[in-house]
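Please study the sequence and the structure shown below before attempting the exercises. Each task is followed by a worked solution.

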Amino acid sequence: MTVHVQYVDTAHAAQTWPLVEKYIESALEHGHGDYTLDQIKLLVCMGQWLLLVAVDEGGNVHGAATVNFLNYPNDRIAFITCIGGKLISNRDTYQEMCMILKSKGATKIQGMARPAVARLWKRYGFNERSTLVEVKI
């Protein structure tokens, strides 16, 4: 089975959501309550976040991710806010994701990851940049 990564145009986000919801929801299990499933859907459907999907030849969805773009003085960051299922499962799907994000102006990709995922992403050239710490006040 060959899987390809593609982005979902905002006009089709609402009708695509039922196909990707379980992948996004599974990724939230490892989150820290920064956003809910409904909030992610809203951000995607309003066009503030980009929705990526991994689909096979038959159009079956195998994974999904959401991306928020941040503009800095020297870079446009594609920040992966949520990823679940089999989206980046090999070098080909990783390259497809990079091409899509580049086409949207990204010069870097960033994301928060638990240690196991960080080790996996090192295969694709990701480096640990810093450790995030926080306190709720």
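The exercises below concern a predicted model.

**Exercise 1. A salt bridge**

Task: Determine how many salt bridges the model contains, and which parts of the chain are tied together.

Solution.
Step 1. A salt bridge requires a side-chain nitrogen of Lys or Arg within 4 Å of a carboxyl oxygen of Asp or Glu.
Step 2. Under this criterion, the count comes to 1 salt bridge.
Step 3. The partners are aspartate 75 and lysine 108, whose closest N and O atoms are 3.5 Å apart.
Step 4. Aspartate 75 belongs to the loop between strand S3 (61-71) and strand S4 (76-85), while lysine 108 belongs to strand S5 (residues 108-111), so the pair ties together parts that are 33 residues apart in sequence.
Step 5. Aspartate 75 is partly exposed, at 22% relative accessibility, and lysine 108 is also partly exposed, at 37%.

In general terms, side chains of opposite charge can pair when their charged atoms come close.

**Exercise 2. Buried or exposed?**

Task: Classify threonine 16, methionine 97 and arginine 119 as buried, partly exposed or exposed.

Solution.
Step 1. The limits are under 20% relative accessible area for buried and over 50% for exposed, with partly exposed in between.
Step 2. Threonine 16, a residue of helix H1, has a relative accessible area of 14% and is therefore buried.
Step 3. Methionine 97, in helix H3 (residues 91-103), has a value of 0% and is therefore buried.
Step 4. Arginine 119, in helix H4 (residues 115-122), has a value of 56% and is therefore exposed.

**Exercise 3. Contacts of the buried residues**

Task: Name the residues that threonine 16 and methionine 97 touch, leaving aside neighbours up to four places away in sequence.

Solution.
Step 1. Threonine 16 touches Val8, Leu51 and Val53, with those neighbours left out.
Step 2. With the neighbours within four places likewise set aside, methionine 97 is in contact with Val5, Leu52, Ile80, Leu87, Ile88 and Ile109.

**Exercise 4. A charged patch**

Task: Identify the residues that form a negative surface patch, and describe the place and exposure of glutamate 25.

Solution.
Step 1. The negative surface patch is formed by Glu21, Glu25, Glu29 and Asp38.
Step 2. Glutamate 25 is located in helix H1 (residues 13-28).
Step 3. The relative accessible area of glutamate 25 is 45%, and glutamate 25 is therefore partly exposed.

**Exercise 5. Distance in sequence and in space**

Task: State how far arginine 119 is from valine 44, and methionine 97 from isoleucine 24.

Solution.
Step 1. Arginine 119 and valine 44 are separated by 75 residues in sequence and by 28 Å in space, C-alpha to C-alpha.
Step 2. For methionine 97 and isoleucine 24, the separation is 73 residues in sequence and 17 Å in space, C-alpha to C-alpha.

Notes
Residues are numbered from 1 along each chain as its sequence is written. This is a predicted model: local features need pLDDT of at least 70, side-chain atom pairs count only at pLDDT 80 or more; totals for chains, interfaces and linings use all residues. Side-chain values use heavy atoms; hydrogens and water are left out. Patches are made of residues with over 30% relative accessible area and no salt bridge: like charges are joined within 9 Å, nonpolar side chains (Val, Leu, Ile, Met, Phe, Trp, Tyr) within 5 Å. Accessible areas come from the Shrake-Rupley method with a 1.4 Å probe; for residues, only the protein chains shown count as cover. Lys and Arg count as positive and Asp and Glu as negative; His and the chain ends are not counted. The place of a charge is taken as NZ of Lys, CZ of Arg, CG of Asp or CD of Glu. Helices (H or I, at least four residues) and strands (E, at least two) are DSSP runs, numbered from the N terminus. Buried means under 20% relative accessible area, exposed over 50%, partly exposed in between (1.4 Å probe, protein chains only). Contact means heavy atoms within 4.5 Å.
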